[in-house]
Amino acid sequence: MPDERPPEKDLGPLRATVNVAKGLWVTLRHLWRRPITIQYPEQRREPFPRFKGRHVLDRHEDGLEKCIGCELCAGACPADAILVIGAENTPEARYSPGERYAKVYEINYLRCIFCGLCVEACPTEALVMSHAYDLASDSRDSLIFTKDMLIADAPLQRRPSKEDLAAGEDVGDFRILKEGLARARAELGKPQRPAPPGAGGRPPAPEEGRPAGTASLGQSASAEGSPKRTEVLEGAPPARGTQAPGDVPPPDPSAPRPTDENISPR
Amino acid sequence: MIQIAVFAVIAAVAVIAGVFLVLTRNAVHSALFLVGVQLCLAVLFLLQGAFLVSVLQIMVYAGAIMVLFVFVVMLLGVDKKEALIEPLRWQRPIAAGLGLLLAAEAIYLALSQHIHVGSGGLQAGPHEGNVQAVARVLFTNWALPFEATSVLLVVAVVGVMVVARRKMV
Amino acid sequence: MRVPGAAYLIVSAILFTTGAVGVLVRRNVLVMFMCIELMLNAVNLSFVTLGRMMHALDGQVAVFFVLVVAAAEVVVGLAIIVAIFRRRASADADQINLLKW
Amino acid sequence: MSMTFLADLVVILAKILIVFLVLSVLVIFIVWFERKVVAHMQSRLGPNRWGPFGLLTSVADGMKLMFKEPITPITADHVTFALAPGISMLAAFLAFASIPFGTSVLIFGHRATFEIADLNVGLLWVLAMGSLAVYGVVLAGWSSGSKYPLLGGIRSSAQMISYEIALSLSLIPVVMSAGSLSLRTIVHAQSGVIGSIGWLGPVGGVGKFIPHWYIFYHLPAFLIFLLAGVAETNRPPFDLAEADTELVGGYHTEYSGIKFAMFFLAEYLHVVTISALAVLLFLGGWNGVTPNLPVLGWIWPLLWFVAKVFFFVFLFVWLRATLPRLRYDKLMAVGWRVLIPAALTWLVVSGLAMAGSV
């Protein structure tokens, strides 16, 4: 049977040798270059300013939650990753300005595709995306983030302030500044304290005297030089050791989990 | 002393491996036993001072010829069972009987050799190793047969090229 | 103390016989072929031993020729076996009757 | 048994033990070295977790392999499956029995040479053990009872048989020049300098500074040897037998634990063997380009030898980091159509040159 393939062009031995030598030269040159990799758990790459990491629920300057429980984000989500169950604000327990607040707010990061449509949909700019990118876990449950994991302890700063720009610090669009809360307090005076929270609630405003910026995103772990993953997922239960013990009530067992049944089908 | 011990062990291994070569059903195992026999023979050559032949035995027999065998066995996948039908009924018993006869004869011959066993194994000149000594004999007394083998090899190569072409069979 | 030459010759005799019986007994062409190799090897041992007993190196030289012949024989033989196998899909000696009309 | 016999026995056993241990440690080091160099050539850092510069990484890997469960596939041919790694490793270690790596040293009034045995067929011994190494690969591939290992085994047997021819042919000119198969004698034949080169005329005096190494006489043979040597060790770009991307690791796909470690050890031992052979046959062995420093005695030649061997180990790693794997038919074409004719040609040319200069 005749060979049907077209005859292959053969490099002459000289050309082949030259080509091999070129390749060898390239690799040899790289031997002396600085490696471009970074040592991940110890060093972290700062994402680009508009990098879409995991979500954060913002607060108003006075400490009230921006989320009004409208469920538009859940509706916009193409991956059905968001569960919101709203409830009425009462004068005794006021969480957000307006009538309603999100009683349950959960994002399933096994489903989330980080498209940012939820952020687009949010009418109050409550939902933003942070720079936190290491979202690995060895259990499925721990990748369903509940409201107390998502909500920021202090208002986020949306634009780099003039001070930050003057200091030459490269800051992204959404970035918690360590001084953010302190500055907010200085300008507004003592923040309004909500009434003692009911079941399932969480004190929206941070305690006084608590170190500000404990919820800084993405950069906290590297700043503290800690390679532990649990602390990288700030807001995750193990990382909440920084909070005062009496600060957080036990999680409400009656709050529905975003299982496949109770995530509303589209 | 040590020589006798080594000889006894190696000879025993060689004979046992030879027997298993015939007995085992798997062709690859047969080839392995044959390699074992050949390595043992290489040691026996060493014991008799034939260094060059010993190493060549390993190189050519164990290293090349047997690899070719294993290669073909693997390529064809003929490590299957043999047919159990006996076309010739008494073939195997008769073969065994004839084999015993042959062995007896050969051993008798071996024992009845009256060649004087000398103390030295080599016929090497002064300051000359086994390689040089063998080479001298090979390229003087045996030069013509040596050249003839090259013809044999060329013929074999050409023959294989002809046989292995797909159109042939 | 050296091992007597007769001992080597006996080993050689046993190996040769084993090979001969193997050729008669086995059906697989490849194994028969290996048995022939075994016989050649046994003869090699005889050559070296007899050469030593006669204080001559010619025995070792003879091994060379056996090696060369064995190599040529194996190559040709295996090529034939492969060729037959392509046609018959069998390595059984009883099936090989291409020359029988 | 006389005292000298006992002393000889002790020395031999000690040498075997030392060589065995040194080689084992050396392999661990070379594995680390390879990972580190390849990493830097790819702008990475390589192992850096265990020990300074990650030096203990290979040790940790070895320990992991040692404690891992060895798994035998149910379709495997059990005895052969267990035997194959042993054959591989044994052949690799045995090849070192006749490789000299230095001059000699006087210990307790007993002169010990730096080698296990100076055979007058030393070179052939190394080649013979190299050809036995094929069995480890082939049997591993066949006995696994699995497709990919079988393909790896078949490829490897064809490759190793083919390249062995070129390898051996390329060494014959050197043997002809040195007039011996003993590696120690071949190294001795390469001491000194070339001397004035007549046909270069006035600039021929340069030869007084060029060491009398066979690489300057047999450069084509050296290149052929190098290529065939890389192929013989199944290293990239000739790692057709392992070919992770096509054969999932080739002949050792089904191996795990300590058996896999033995294959690993054998491969790197072969790298060292081929490197040592290249140094001994073409680069003057332990003859340095500088005069021997008498203060250092036997250490100086040993250092030269180790340095040269490491150059070749680096070359192996370098090739691996640079070149893509050859296609199988290309590999065979290179072996049979380029290397073997070239080796034969050089054999004839150097033979004629030697005949002319006699």
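**Exercise 1. The interface of chain D and chain A**

How many salt bridges does the rule find across the interface of chain D and chain A? Then describe what surrounds that result.

*Solution.* Note at the outset that this is a predicted model.

Step 1. Count the salt bridges. The rule finds 1 across the interface of chain D and chain A.

Step 2. Name the partners. A:E42 and D:R49 meet through their side chains, with 3.2 Å from N to O. Side chains of opposite charge can pair when their charged atoms come close.

Step 3. Add the polar contacts. Across this interface, 7 residue pairs are in polar contact.

Step 4. Find the elements on the chain D side. Helix 1 (3-41) and helix 10 (299-322) of chain D each supply at least two residues to the side that touches chain A. Helix 10 gives the most, with 5 residues.

Step 5. Sort that side by class. It has 8 nonpolar, 4 polar and 4 charged residues.

**Exercise 2. Sizing the contact**

State how much area is buried between chain D and chain A, and which residues of chain D lose the most.

*Solution.*

Step 1. Pick the quantity. The size of an interface is often given as the accessible area lost when the parts come together.

Step 2. Read the area. About 1,400 Å² is buried between chain D and chain A, and carbon and sulfur atoms give 59% of this.

Step 3. Locate the main losses in chain D. D:M41, D:S43 and D:W318 lose the most area to chain A, together 34% of what that side buries.

Step 4. Count the residues. The contact takes 16 from chain D and 15 from chain A.

**Exercise 3. A network in chain D**

Trace the network of salt bridges that links D:E34, D:R235, D:E267 and D:R320.

*Solution.*

Step 1. Start with D:E34. Its salt bridge partner is D:R320, with the closest N and O atoms 2.9 Å apart.

Step 2. Place the pair. D:E34 is in helix 1 of chain D and D:R320 in helix 10, so this bridge ties together parts that are 286 residues apart in sequence.

Step 3. Check exposure. D:E34 is buried, at 2% relative accessible area. D:R320 is partly exposed, at 38%.

Step 4. Take the other pair. D:R235 forms a salt bridge with D:E267, at 3.4 Å between the closest N and O atoms. D:R235 lies in the loop between helix 7 (219-232) and helix 8 (244-247), and D:E267 lies in helix 9 (residues 257-282), so the parts tied together are 32 residues apart in sequence. Both D:R235 and D:E267 are buried.

Step 5. Set the context. The whole structure has 10 salt bridges over all chains.

**Exercise 4. A lysine in a loop**

Is A:K66 buried or exposed? Which side chain does A:K66 meet in a salt bridge?

*Solution.*

Step 1. Place the residue. A:K66 sits in the loop between strand 1 (55-57) and helix 2 (72-76) of chain A.

Step 2. Read the exposure. A:K66 has a relative accessible area of 14%, so it is buried.

Step 3. Find the partner. The side chains of A:K66 and A:D58 form a salt bridge of 3.1 Å, N to O. A:D58 is buried too.

**Exercise 5. Cysteines without a bond**

Why is A:C77 not bonded to A:C115?

*Solution.*

Step 1. Apply the cut-off. A disulfide needs two cysteine sulfur atoms within 2.5 Å.

Step 2. Compare. The closest cysteine sulfur to that of A:C77 is in A:C115, 6.1 Å away, so the gap is too far for a bond.

Step 3. Repeat for A:C118. Its nearest cysteine sulfur, also that of A:C115, is 6.0 Å away, and A:C118 is in no disulfide.

Step 4. Conclude. The structure holds 0 disulfides over all chains.

Key
Residues are numbered from 1 along each chain as its sequence is written. Chains are lettered from A and ligands numbered from 1 in the order in which they are written. This is a predicted model: local features need pLDDT of at least 70, side-chain atom pairs count only at pLDDT 80 or more; totals for chains, interfaces and linings use all residues. Side-chain values use heavy atoms; hydrogens and water are left out. Helices (H or I, at least four residues) and strands (E, at least two) are DSSP runs, numbered from the N terminus. Buried means under 20% relative accessible area, exposed over 50%, partly exposed in between (1.4 Å probe, protein chains only). Contact means heavy atoms within 4.5 Å. Buried area is the accessible area (1.4 Å probe) that two parts lose on being put together, summed over both. A salt bridge is a side-chain nitrogen of Lys or Arg within 4 Å of a carboxyl oxygen of Asp or Glu. A polar contact is a pair of N or O atoms within 3.5 Å; within protein, one must be able to donate a hydrogen and the other to accept it, and residues adjacent in sequence count only if both atoms are side-chain atoms. Ala, Val, Leu, Ile, Met, Phe, Trp, Tyr, Cys and Pro count as nonpolar, Asp, Glu, Lys and Arg as charged, and the others, Gly among them, as polar.
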